[in-house]
Amino acid sequence: TGDVLIFLPGEREIRETTGAIKRHRLASYELLPLYSRLSIAEQNRIFATNNERRIVLATNVAETSLTVPGIRYVIDTGLARISRYSLRSKVQQLPVERISQASANQRSGRCGRTSEGVCFRLYGEDDFAKRPLYTEPEIMRTNLATVILQMLNLKLGDIQKFPFVQRPDQKQINDGYALLFELGAVDKNRHITKLGKQIGRFPVDLRFSRMLLAAGHTGCLSEMLIIASGLSVQDPRERPFEQQEASDEKHRRYWDERSDFLSLVNLWNTFEEQRQALSGRQLRIYCRENFLSYIRMREWREIHRQLLLISRELRLKVNKEAAAYAPIHRAVMTGFLGNIAQKTGENRYTGARNRSQFIFPGSSQFGRKPKWMVSAELTETTRLYARTVADIESRWIEPLAGHLVRRSYHDPQFDAVKGQVVAREEVSLYGLVIVNNRIIDFSGIDQRSAREIFLQKGLVEGMLKTR
């Protein structure tokens, strides 16, 4: 007797395995999925006691984060999705990898905690022996920008000389500095700027901090506090597997025509109206009926309050009137200049560093397909998906990314109408062309060459019309 715990890499594998078990008609078992995106109520089902034997199908969330009671048998596939930052593509990936020996031992320890248990490993002993002893530390597989900024703020000296227990690769350090320069937190000499010190004050992702500071100067801080705090918590919109259509229908009420960021603002405003009108018990019922996590909404409010207090300390002005679309999304772009993309196919977008990406199907912009977009997150699974997407204007990019763009000039010639030498300018951001064939005065770029063209074409060949 006793319950069974099966470790699987992800949500899709859990659903497939659940379907396979149902097809084998194991009616005496209760099937319980367990993964982080599951609603709190669904996750809590594993702690309920009943007479049925249970099969719990879990990701590595059940490895260390919580203990499932009553487990006598563990079936370990030896695989897990490990969060890993790609230095080449600059995106957070979730590849399926073989777990370490330490993780395997941790999984086997999940059974027989109160009595004897058995662990079945679905891989050979020789395979186990070849695996690394321990999982690679997170500092070796994440972006180091936050660590570097904190070290600069605390004046802990050169990160390259810091005695880390396991020293990060030099490429990781360079990549962290590159993100800090993109956000304006450090200068070209890698010295912290005034803006960088302010960014370090907020206890959220550096990109969200940059957005808040930009919003404080463009009159949209009220909306940005909602967006930044909302992006800092796990999405409160729940989507139970058995009620996907019903939950999608409820969530569409919050959608904005052009922006997933404003969908968060709509959700917040609706929830706040209900919170002020309903009792605590009624509010929980409202959340349940509308497929919202009450606990995550409460966490969202707590982070919002914390960010609001810090904004006041930094004397950032909170707007009382609703802000327009443009300033809100220009502020968003200051944090996500590397996540801007242009439509180049039916569903395909080309972003910074020539990355092909696709709008996540759950986005309000999936069917609309804007020409230019900015996203809050790029996640690579089977494809590179852009999540939390908004429609933007390409002309907004250059003024915000002046310290990052590259300019090239071609086809200088004498313009008889203007009476001057002009050229075509191309402006690109991380390889993505944002301005093409703009006519500019070439004398401000290369005075010597402009003078030679002027003399030859304008005077010698007589193209200059003048008295």
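Biologist: Why does aspartate 391 count as buried?

Modeller: Its relative accessibility is 10%. Buried means under 20% relative accessible area, exposed means over 50%, and partly exposed lies in between (1.4 Å probe, protein chains only). So 10% puts aspartate 391 in the buried class. This is a predicted model: local features need pLDDT of at least 70 and side-chain atom pairs pLDDT 80 or more, while totals for chains, interfaces and linings use all residues. Residues are numbered from 1 along each chain as its sequence is written, and side-chain values use heavy atoms, with hydrogens and water left out.

Biologist: What makes arginine 368 partly exposed?

Modeller: Its relative accessible area is 35%. That value lies between the two limits, so arginine 368 is partly exposed.

Biologist: How do you know that arginine 368 and aspartate 391 form a salt bridge?

Modeller: Their closest N and O atoms are 3.1 Å apart. A salt bridge needs a side-chain nitrogen of Lys or Arg within 4 Å of a carboxyl oxygen of Asp or Glu. So the pair qualifies.

Biologist: Which parts of the chain does this pair link?

Modeller: Arginine 368 is in the loop between β12 (356-359) and β13 (372-380), and aspartate 391 is in strand β14 (residues 384-391). They are 23 residues apart. Helices (H or I, at least four residues) and strands (E, at least two) are DSSP runs, numbered from the N terminus.

Biologist: What joins Glu398, Arg407, Glu425 and Arg438 into one network?

Modeller: Salt bridges that share partners. The whole structure holds 24 salt bridges.

Biologist: What makes arginine 45 and glutamate 30 another such pair?

Modeller: Their N-to-O distance is 3.2 Å. The limit is met, so this is a salt bridge. Arginine 45 sits in the loop between α2 (40-43) and β3, glutamate 30 in strand β2, 15 residues apart.

Biologist: Buried or partly exposed: how do arginine 45 and glutamate 30 class?

Modeller: Arginine 45 has 32% relative accessibility, so it is partly exposed. Glutamate 30 has 17%, so it is buried.

Biologist: What is the sheet that holds β2?

Modeller: An open sheet of five strands, with the order β2-β3-β1-β4-β9 and parallel pairing. Its edge strands are β2 (29-34) and β9, each pairing on one side only.

Biologist: How do you know that β1 and β3 pair?

Modeller: Two strands pair if DSSP finds at least two bridges between them. Strand β1 (residues 3-7) and strand β3 (residues 53-58) have four, so they pair. One bridge joins valine 4 to isoleucine 55 in β3.

Biologist: Which helix lies across β1, β2 and β3?

Modeller: Helix α1 (residues 11-23), at about 150 degrees to β3. Axes are lines fitted to C-alpha atoms, for helices over the stretch in contact (heavy atoms within 4.5 Å). Angles run from 0 to 180 degrees between N-to-C directions.

Biologist: Why is valine 118 called partly exposed?

Modeller: Its 36% relative accessibility lies between the limits, so the label fits. Valine 118 is in strand β9 (residues 118-121).

Biologist: What is the order of the open sheet of three strands?

Modeller: β15-β16-β17, with antiparallel pairing. The edge strands are β15 (406-415) and β17 (432-441).

Biologist: How many bridges link β15 and β16?

Modeller: Eight, so the two strands pair. Serine 408 stands opposite glutamate 426 in β16. Helix α17 (residues 447-460) lies across β15 and β16, at about 20 degrees to β15.
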